[in-house]
Amino acid sequence: MLAVLSIFGVAVADVPLPYEDPAQAHAALSAAVNEAKADHKDVLIVFGANWCEDCRALDQAMHGSSEALVNSHLVVAKVNVGNFDANLDIAKQYGNPIAKGIPAAVVATPDGKVLYSTKAGELANARRMSEHGIYDFFNSVVLPRASP
């Protein structure tokens with residue numbers, strides 16, 4: 001039994017986690033805002049945590065079919081909220097999109113104006129959304145804001 005657990009532990013440790021240490025969130029957000037200003041894009045702020053299965057599913061989908069769509073119009077910043085005990089100041093700054101669960105997302109201008117927020121928990125069941133469903137979600141959020 002111990003051998004099985006240690007093998008499982010190694011496998012879990014080798015899986016890359018989508019969210020950096022919560023202490024990195026302010027720097028990551030600042031870097032994304034600066035990049036968005038320079039590239040004339042908006043910022044997609046994704047709130048989540050590594051323990052959250054839906055957050056990991058969303059991240060995986062964002063590296064799939066949604067990646068080109070998102071990256072062509074937005075600069076992504078991930079904010080680790082820990083166990084809803086970290087970076088709550090950032091969530092509050094953007095209208096507390098995590099109130100209905102994580103993952104949560106905000107599209108904002110580089111100067112901080114919120115253009116869209118998942119206030120109703122639209123992504124909180126990302127693991128049950130297909131990759132196509134997540135693409136459709138981003139398509140409905142990104143394209144109306146895209147420049148002609």
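Guide: Helices here are DSSP runs of H or I with at least four residues, strands are runs of E with at least two, and both are numbered from the N terminus. The model above is predicted. With those runs in hand, asparagine 50 falls in the loop between strand 1 (42-48) and helix 3 (53-62).

Visitor: Why is asparagine 50 called buried?
Guide: Buried means under 20% relative accessible area. Asparagine 50 has 17%, so the label applies.

Visitor: What makes the approach of asparagine 50 to tyrosine 19 a polar contact?
Guide: The side chain of asparagine 50 reaches the backbone oxygen of tyrosine 19 at 2.8 Å, and the cut-off for such a pair of N or O atoms is within 3.5 Å. Leaving aside residues up to four places away in sequence, asparagine 50 touches Leu17, Pro18, Tyr19, Arg56 and Asn80.

Visitor: Let's move on to helix 3. How do you know that its buried residues are on the same side?
Guide: The buried residues are Asp54, Cys55, Leu58, Asp59, Ala61 and Met62. They cover an arc of only 160° around the axis, and therefore share one side of helix 3. Their packing partners are strand 1, helix 4 (67-73), strand 2 (74-80) and helix 6 (131-142).

Visitor: What makes glutamate 53 and arginine 127 a salt bridge?
Guide: The side-chain nitrogen has to be within 4 Å of a carboxyl oxygen. Here the closest N and O atoms are 3.0 Å apart, which meets that condition. Glutamate 53 lies in helix 3 and arginine 127 in the loop between strand 4 (114-117) and helix 6, so this pair ties together parts 74 residues apart in sequence.

Visitor: Why is glutamate 53 called partly exposed?
Guide: Partly exposed is the range between under 20% and over 50%. Glutamate 53 has 42% relative accessibility, so it belongs there. Arginine 127, at 38%, is partly exposed too.

Visitor: How do you know that Glu53, Asp54 and Arg127 are linked in a network?
Guide: Arginine 127 also forms a salt bridge with aspartate 54, with the closest N and O atoms 3.4 Å apart. Together with the bridge from glutamate 53 to arginine 127, this links Glu53, Asp54 and Arg127 in a network of salt bridges. Aspartate 54 has a relative accessible area of 8%, so it counts as buried.

Visitor: The structure holds three salt bridges. What makes lysine 78 and aspartate 59 one of them?
Guide: Their closest N and O atoms are 2.6 Å apart, and the limit is 4 Å. Lysine 78 lies in strand 2 and aspartate 59 in helix 3, so the pair ties together parts 19 residues apart in sequence. Lysine 78, at 27%, counts as partly exposed, whereas aspartate 59, at 13%, counts as buried.

Terms used:
Residues are numbered from 1 along each chain as its sequence is written. This is a predicted model: local features need pLDDT of at least 70, side-chain atom pairs count only at pLDDT 80 or more; totals for chains, interfaces and linings use all residues. Side-chain values use heavy atoms; hydrogens and water are left out. Buried means under 20% relative accessible area, exposed over 50%, partly exposed in between (1.4 Å probe, protein chains only). A polar contact is a pair of N or O atoms within 3.5 Å; within protein, one must be able to donate a hydrogen and the other to accept it, and residues adjacent in sequence count only if both atoms are side-chain atoms. Contact means heavy atoms within 4.5 Å. The arc is that of the directions from the helix axis to the C-beta atoms.
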